[in-house]
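Some words used for protein structures have exact meanings. The questions below ask what earns each word its place.

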Amino acid sequence: MGKIQVLLVDDELEYAETLSDRLADDEIDSRVASSGEEGLEALERDPPDVMVLDLRMPGMGGMDLLERVRRDHPEVQVVVLTGHGGKEREQE
């Protein structure tokens, strides 16, 4: 089995790049996308094994991207991270 490929999708670029550096320290390959649209392009170009996804981003939000991942790439595991959660968002 090859290395796990991770796609980090977050509009807070500094946070995503720091997380990418930390994953690299553990020899995990990752790519960073700074928007939902960029994440979708990266997903279509080369689907990762795991996507770490922020929910709140300008333009295409995380929930829209999550729906596309589930529909078109059900093999991709998704970890949702957000600093803007709540009971309603949790249920969604």
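Q: What makes a residue part of the lining of a cavity?
A: A cavity is a set of points where a 1.4 Å probe fits but cannot get out, and a lining residue has an atom within 4 Å of such a point. In this predicted model, the residues that line the largest cavity are Leu 8, Val 9, Asp 10, Tyr 15, Leu 19, Val 52, Leu 53, Asp 54 and Leu 81.

Q: How many cavities of 30 Å³ or more does a search of the whole structure find?
A: The search finds 1. The space in the largest cavity is about 40 Å³.

Q: Which elements each supply at least two residues of that lining?
A: They are strand S1 (5–9), helix H1 (13–25) and strand S3 (50–54). S3 gives the largest share, 3 residues.

Q: What classes of residue make up the lining of the largest cavity?
A: There are 7 nonpolar and 2 charged residues, and no polar ones. Tyr counts as nonpolar and Asp as charged.

Q: How do you know that the span of H1 is close to the expected one?
A: H1 has 13 residues, and its first and last C-alpha atoms are 18 Å apart. The expected value at 1.5 Å a residue is 18 Å, so the two agree closely.

Q: Why are the buried residues of H1 said to lie on the same side?
A: Buried means under 20% relative accessible area, and in H1 the buried residues are Ala 16, Ser 20 and Leu 23. They cover an arc of only 60 degrees around the axis, so they lie on the same side of H1. Their cover includes S1 and strand S2 (29–33).

Q: Which exposed residues does the face of H1 turned away from its buried side carry?
A: That face carries Glu 14, Asp 21, Arg 22 and Asp 25.

Notes
Residues numbered from 1 in each chain as written. Predicted model: local features only at pLDDT ≥ 70, side-chain atom pairs only at ≥ 80, totals over all residues. Heavy atoms only, no water. 1 Å grid on protein atoms, 1.4 Å probe; cavity = no way out; pocket = protein on both sides within 12 Å on 5 of 7 lines; lining within 4 Å. Points joined across faces, edges and corners; volume = space filled by probe spheres on them. Helix = DSSP H or I, 4+ residues; strand = E, 2+ residues; numbered from the N terminus. Buried < 20%, exposed > 50% of the residue type's maximum accessible area, 1.4 Å probe, protein only. Arc of directions from axis to C-beta. Contact = heavy atoms within 4.5 Å.
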